[in-house]
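The following paragraphs lead through one protein chain, beginning with its elements and ending with individual residues. Please keep the sequence and the model in view while reading.

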Amino acid sequence: MKNLKTKQFQGLNGSLLLPGDKSISHRSIMVASISRGISRIKNFSNSTDCLSTLNAFLDLGVEIKKYGRDLIVYGSGLDAFKDPKNL
């Protein structure tokens with residue numbers, strides 16, 4: 001068996017273009033919301049259930065800007081969630 005070693009790195013940067021898919025849209029908003037920093041999501045699905053997920057994270061206090069089918073998510077980590085506004 002061959003051992004592989006990598007250098008330690010700080011963070012992850014890059015982009016990935018995927019088709020607008022409901023399950024990817026749900027996961028992308030969740031991952032971006034619990035991350036720290038700014039995430040850009042392109043081709044977000046505008047299905048009713050994906051928009052419900054978007055609204056749920058807005059209710060938790062996550063700052064999200066919507067530009068057509070693109071989103072900018074300002075993630076502040078799990079500790080930043082607030083009590084939902086709409087119970």
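The secondary structure of the protein chain amounts to two helices and three strands, where helices (H or I, at least four residues) and strands (E, at least two) are DSSP runs numbered from the N terminus. Read from the N terminus on, these elements follow the order α-β-α-β-β. The model is a predicted one, in which local features need pLDDT of at least 70 and side-chain atom pairs count only at pLDDT 80 or more, while totals for chains, interfaces and linings use all residues. Residues are numbered from 1 along each chain as its sequence is written, and side-chain values use heavy atoms, with hydrogens and water left out.

Taking the chain as a whole, buried residues (under 20% relative accessible area, with exposed meaning over 50% and partly exposed in between, for a 1.4 Å probe and protein chains only) make up 25% of the 87 residues. Of the contacts (heavy atoms within 4.5 Å) with a separation of 6 or more, 61% join residues 24 or more positions apart.

How do the two helices lie against each other? The axes of helix 1 (residues 22-34) and helix 2 (residues 48-59), which are lines fitted to C-alpha atoms over the stretch in contact, come within 9 Å and cross at roughly 10°, on a scale from 0 to 180 degrees between N-to-C directions. Helix 1 is therefore roughly parallel to helix 2, a term for angles under 35 degrees, as against over 145 for roughly antiparallel, 65 to 115 for roughly perpendicular and oblique for the rest. Helix 1 makes this contact through Lys22, Ser25, His26, Ile29, Met30 and Ser33, and helix 2 through Asp49, Cys50, Thr53, Leu54 and Phe57.

Ser25, which lies in helix 1, counts as buried because its relative accessibility is 3%. Apart from residues up to four places away in sequence, Ser25 touches Asn43, Phe44, Ser45 and Cys50.

Cys50 and Phe44 also belong to the largest nonpolar core, whose eleven residues further include Ile29, Ala32, Ile41, Leu54, Phe57, Val62, Ile64, Leu71 and Val73; such a core is a set of buried Ala, Val, Leu, Ile, Met, Phe, Trp, Tyr and Cys residues joined through side-chain atoms within 4.5 Å. Helix 1, helix 2 and strand 3 (70-76) are the elements that give two or more residues to this core, and helix 2 gives the most, with three residues. Val62, a member of this core, is in contact with Ser33, Phe57, Val73, Tyr74 and Phe81 once its neighbours within four places in sequence are left aside.
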